[in-house]
Amino acid sequence: MIPQQKRETTSIQNPFNAPVYYYARTDSTLQAARECLADGCPDGTFIYAGYQTEGRGRMSDRQWLSPAGENLLGTLILKQPASTDFTLRIGLAVSLTLDSFLPPGLRTAVKWPNDIFINGKKTAGILCEGAGGCILAGIGINLLQTAFLRSIEHTATSLALVIGADKCPSFEVFIPALLNNIRECLTRRDWHEEISSRLWKRGTMVRFMRGQQEDDIIEGVLTGIAFDGALCIAEADKEHRYYSGELIFD
């Protein structure tokens, strides 16, 4: 773990009426958020970084790799209890924000529980963790990146690749839009209908890994999302609900 660099207070507008901090380099914005929380930062504080050395995904063995200064690597601090639908609400907000910069007729899809796709390729991921009665919502969004490792170049994309780097919004434009959508989605009553309409692979046969056991895989029809955020899969005409696991990206 590297020492945290000094955080800079930005002038970016935050609808939560809290600071937006920037780190040129950090191990992860989640860790930086924990330190900000320990310092007594207010509810709705947002931290983002130009580069992080230990970014990670939802699965413990996965990293979130990003070139310096190209993508949004951030964490939002919310002083509220966690709920089973929280990650999906954040995902909906990310989806809506990306949509606002896409051309007419194109919109994002939500891959349960925490990924956002454009044209069938991953563009963003969410990782939420608890911290002393608060929620840290880690958000990684591919904005300006135009080249990916060969191992993921067929499964990953960015906003810049879809709309062109010259049309891609700056962090100063994108972050306020994102935070505004998050604020709205946290209390949005029709969130379930909206996210269900964006659910990746809904109504089709899918393969699903239960928990984190790679050999525990079932097949069934993805029927939707329950109101509490569970994934609903019909197996042999019986619907089952899952709260952990991962849809397999064939």
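I began with Ile 135 and asked whether this residue is buried or exposed. Ile 135 counts as buried because its relative accessibility is 3%, where buried means under 20% relative accessible area, exposed over 50% and partly exposed in between, with a 1.4 Å probe and protein chains only. I kept in mind that the model is predicted, so that local features need pLDDT of at least 70 and side-chain atom pairs pLDDT 80 or more, while totals for chains, interfaces and linings use all residues. I also noted that residues are numbered from 1 along each chain as its sequence is written, and that side-chain values use heavy atoms, without hydrogens and water.

Next I looked up where Ile 135 sits, and found this residue in strand β8, which covers residues 134-141; strands are DSSP runs of E with at least two residues, helices are runs of H or I with at least four, and both are numbered from the N terminus. Leaving out residues up to four places away in sequence, I listed what Ile 135 touches, including Leu 76, Ile 77, Leu 78, Phe 86 and Cys 128, a contact being heavy atoms within 4.5 Å. I then checked Gln 145, which is 10 residues from Ile 135 along the chain, and the C-alpha atoms of the two are separated by 28 Å.

Turning to the whole protein, I recorded 5 helices and 13 strands. Of its 250 residues, 52% count as buried. Among contacts with a separation of 6 or more, I noted that 64% come from residues 24 or more positions apart. Last, I wrote down that the C-alpha trace spans about 55 × 40 × 35 Å along the principal axes.
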